[in-house]
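Visitor: Hello! Could you walk me through this structure, one step at a time?

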Amino acid sequence: MKLRPRRFRDLPLFAKLLVPFLTLMLFVGAFGVFLIVRDLGSRAQAALDQDLARRSLDARSLLRDRELYLLESVNFAANLEGVARAVSNRDDATAARLLQSVLALKSDLNLVAVTDRSGVGLAEFRRETSKDTPLRESGGRWAGYELVGGALRAPGQAKFTGFLSSAGRDVFAIAAPVCSAPTGCSSVGAAVVGIDVDQLAVTARGKSGVALYDSKGRLLARSGRAATERRAPTGITRRTHAVDGIEVATLYTPFDVQGTRSGTLALSVPTAPAFSTVRGAGIRVALILLCAMVGVVAIGAMLSRRILGQVRPLVETSRALGHGDFEARAPVLSTDELGELAHGVNQMAEQLQASYETLELRVAQRTEEVQRLLKERTEFFAALSHELRTPLAIIRGQAKMMLDPSYPKGTKWVTQAGMTIDDSSGQLLSLVNDVLDLARAEAGRMEVDLEPLALPDVVKDLRPMIEGLARSSGLRVGVDVPRGLPAVSADRNRLREVIVNLVDNAAKYTPEGGRVDLSATANNGSVIVSVSDTGVGIPPESGDLIFEPFYRVRGTKAQRGQASSGLGLALAKRVVEAQGGTITFESEPDVGTTFTFTLPRATPAKPAKRAKRDPRRKRR
Ligand code: ADP
């Protein structure tokens, strides 16, 4: 099966509710973190730059301070009482003694020296630290140093500063001429004082790293975690290096001593402390974002679960209803819209169930009715076939006998056979007519020719037949149909058929010596006709079944073997009803039976309804 790409609309409701939230959170959060970190980063950078500048300034002030210290020291050394004379006289012992006092007073100096006019050292003192014992030397060649050469050649009391390398050590030094006279200086030698650059760097570095370069960019000294370069940049420059695996920012600043560019100070500070705040803030913001996302997911999940908890039963209920389980109901879990929805679904389910039950009941009723009709039809045809068979069998028997050459064919025989055939075919015709009438009645097409009739006249015509019937059966007859009865609306022939049928039945089912009565009375809007007998009666369980075609009470037999088709009452009922009346009976077994039917009064104002006459109909 080809799998279609999963789209948003195919996702479960739970994911649909959460995904937009999460995506939004992620975007907003990431953008927020980016902005905050960028802002904090630039702030940290600015703070770092400020710190660098401040420290660099501090270091340069210290250099300036040291410069002043050296100036003071060189002035002190060059103008000390007796120095000029000792230099002029090349009295190195006196010069050394005098310089020792300078060393004693200026404890930060690492170098103190005086030279003669040609720059040869008369007395030179060096010490590693202020606590070290000074080391005395003499005979050093100082004239080669630019600053010393300048001092030896200087016409006035000018000072010369710079870096010099003496005995393998770099020294920040100042040289001044030793004048023979205080006024109108004539240089007899030079005094040199200096501070070790390493010492200088250590003092200047504070909590950072410092590197000192000379005016040519050559590295002189390095202290602390200072970044170094082969050659220092010429202008103010900021660079970032990795020192011992740690990132440091370095600010290169050229510095002047005595108004001349003397070198470059490089001050380094590690960047990590400044940026650790940024990192910390970034981590905190990220954590807050993460917590917010987890919170959103948790709240979203909780809400979704709650909502889905209400939606799921609805889905299950609608599914169950769809599968025909009309008992299914959704639990109403809240009073909100979902609660209303559940309520609505339940109402719908109830209506559906009610409709379904009604439908089922109707279907059952219809099925039952159809089955009953089918059964009745089968029974009807079975009974009809049975009824048709007897006269047909007789006719056929007679026909066969007539065709049999061995049978004597006298006039008497032919007459008898002809009578039998006539009798049986008459029965057949009557049966077929009855069935036809019944079929028409069932189809609602029984045709009655209604007219205003005087019932006594109808009964009067029938009287001979009724009396004859009773007499032949050994019964007594009573007829009570008053002449003053109102006219009725009826079909004359049909009415006769009904009366004859009822009287015939009464005579058939009443033993000899019994009684048959025909009477009629007027009621409000109709005339009631009754035929009663003192016969065998009809058992109560038969009820209205006796009006069904071919129904005969089981065990009841015609008293004198008369023919019985079971169609008489069925037809009588349909005829009475077609005339607008009703027919009922009351009976008690072995006591007697009374059949009663009504006839509507004829309304003189209106002409009696004249139903269309069926030309095919053959009267009996
Ligand atoms: P049938 O041709 O058999 O008389 P009917 O439709 O006239 O057919 O009557 C149906 C059945 O009702 C009869 O078979 C009989 O069992 C019963 N019945 C009708 N009239 C009477 C009566 N007056 N007394 C007793 N039984 C009767």
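Visitor: At roughly what angle do the axes of helix 10 and helix 11 cross?

Guide: Welcome! Please keep in mind that this is a predicted model. Helix 10 covers residues 492-508 and helix 11 covers residues 568-578. Their axes come within 10 Å and cross at roughly 145°.

Visitor: Which residues of helix 11 meet helix 10?

Guide: Start on the helix 10 side, where the residues in contact are Arg 494, Val 498, Asn 501, Leu 502 and Asn 505. The crossing of the two helices is left-handed. On the helix 11 side, the partners are Gly 568, Leu 569, Ala 572, Val 575 and Val 576.

Visitor: How much of the ligand's accessible area does the protein cover?

Guide: Let's begin with the neighbours: 21 residues surround the ligand, and Asn 505, Lys 508, Asp 533, Ser 564 and Leu 569 come nearest. A polar side-chain atom of Asn 505 lies 2.7 Å from a ligand oxygen atom, and a side-chain N or O atom of Lys 508 is 2.9 Å from an oxygen atom of the ligand. For Asp 533, a side-chain N or O atom is 2.9 Å from a nitrogen atom of the ligand. On its own the ligand has 530 Å² of accessible area, and the protein's share of cover is 98%.

Visitor: Now the sheets, please. Which strands are the edge strands of the six-stranded open sheet?

Guide: Follow the order 3-2-1-6-5-4, in which the pairing is antiparallel. Strand 2 (residues 121-126) pairs with strand 3 over three bridges, and Phe 125 stands opposite Arg 136 in strand 3. An edge strand here pairs on one side only, which gives strand 3 (135-137) and strand 4 (160-166).

Visitor: Why is one side of strand 8 and of strand 9 left without a neighbour in the sheet?

Guide: These strands belong to an open sheet of five, with antiparallel pairing and the order 8-7-11-10-9. Strand 8 (219-223) and strand 9 (237-243) stand at its edges, so one side of each has no neighbour in the sheet. The reason is that each has a single partner strand.

Visitor: Which strands of the five-stranded sheet does helix 5 touch?

Guide: Helix 5 (residues 197-205) also lies across strand 4, strand 5 and strand 6, at about 45° to strand 6. In the five-stranded sheet, the direction of helix 5 makes about 45° with that of strand 8. Helix 5 packs on this sheet by touching strand 7 and strand 8.

Key:
Residues are numbered from 1 along each chain as its sequence is written. This is a predicted model: local features need pLDDT of at least 70, side-chain atom pairs count only at pLDDT 80 or more; totals for chains, interfaces and linings use all residues. Side-chain values use heavy atoms; hydrogens and water are left out. Two strands pair if DSSP finds at least two bridges between them. Helices (H or I, at least four residues) and strands (E, at least two) are DSSP runs, numbered from the N terminus. Contact means heavy atoms within 4.5 Å. Axes are lines fitted to C-alpha atoms, for helices over the stretch in contact, and angles run from 0 to 180 degrees between N-to-C directions. A residue is near a molecule or strand if one of its heavy atoms lies within 4 Å of it. A polar contact is a pair of N or O atoms within 3.5 Å; within protein, one must be able to donate a hydrogen and the other to accept it, and residues adjacent in sequence count only if both atoms are side-chain atoms. Accessible areas come from the Shrake-Rupley method with a 1.4 Å probe; for residues, only the protein chains shown count as cover. A crossing is left-handed if the near helix is turned anticlockwise from the far one by less than a right angle, and right-handed if clockwise.
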